[in-house]
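This report describes how the strands and helices of one protein chain are arranged. Please keep the structure in view while reading.

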Amino acid sequence: MKKTILLLILIAFASCAGRTPNNHTAEKIIKHYFKKYAKKYPNSEFGRTAVEKIEISSVQENQKNVAHAQAKLILSNGEQVPILMGFLYKAPLGWRAQGWEKLSPKLQTAANSSAK
């Protein structure tokens, strides 16, 4: 009896765990994605200048197993590029990059205000 109650409590706590990637995971995925992107498209903005640093502003869940992160890419020439990166959770592998878009200043302020 005690074992079943303990098992139920353990399952309840496990189901309450966060379902979004943490900031470190999101940063790692974004860095890996743009490294591959630069190799595939050498004439692009990210191919000409490498991504030096990533600052994650927020990570939010859209629905179960789907999340997005608002981040700022800092390039090697000092330019800062705000982006919105989508993530998809695939069970055995974890979080994967789904897609991204560059944010304009208007969209960036709207996304910041909706995140609060």
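## A helix across a sheet

In this predicted model, helix H2 (residues 23-40) lies across S1, strand S2 (66-75), S3 and S4, and its direction is at about 120° to S1. The sheet beneath this description is open and consists of four strands in the order S1-S2-S3-S4, with antiparallel pairing. Strand S1 (51-63) and strand S4 (94-102) are at the edges; each has a single partner strand, so one side of each lacks a neighbour in the sheet. From one strand to the next, the twist averages 30°. Strands of a sheet pair through backbone hydrogen bonds, in either a parallel or an antiparallel manner.

Two of the strand pairings can be set out as follows.

| Pair | Sense | Bridges | Residues between the strands in the hairpin |
|---|---|---|---|
| S2 and S3 | antiparallel | nine | four |
| S3 (residues 80-90) and S4 | antiparallel | eight | three |

Individual residues mark these pairings. Ala67 has Phe87 in S3 as its bridge partner. Tyr89 is bridged to Trp95 in S4, and Gly86 stands opposite Gly99 in S4. In the turn of the hairpin formed by S2 and S3, Gly78 has a positive phi of about 95°.

Which residues does Glu45 contact, leaving aside its neighbours within four places in sequence? They are Leu75, Glu79, Val81 and Lys102. Glu45 belongs to helix H3 (residues 45-48), and its side chain makes a polar contact of 2.7 Å with the side chain of Lys102.

Conventions
Residues are numbered from 1 along each chain as its sequence is written. This is a predicted model: local features need pLDDT of at least 70, side-chain atom pairs count only at pLDDT 80 or more; totals for chains, interfaces and linings use all residues. Side-chain values use heavy atoms; hydrogens and water are left out. Two strands pair if DSSP finds at least two bridges between them. Helices (H or I, at least four residues) and strands (E, at least two) are DSSP runs, numbered from the N terminus. Axes are lines fitted to C-alpha atoms, for helices over the stretch in contact, and angles run from 0 to 180 degrees between N-to-C directions. Contact means heavy atoms within 4.5 Å. A polar contact is a pair of N or O atoms within 3.5 Å; within protein, one must be able to donate a hydrogen and the other to accept it, and residues adjacent in sequence count only if both atoms are side-chain atoms.
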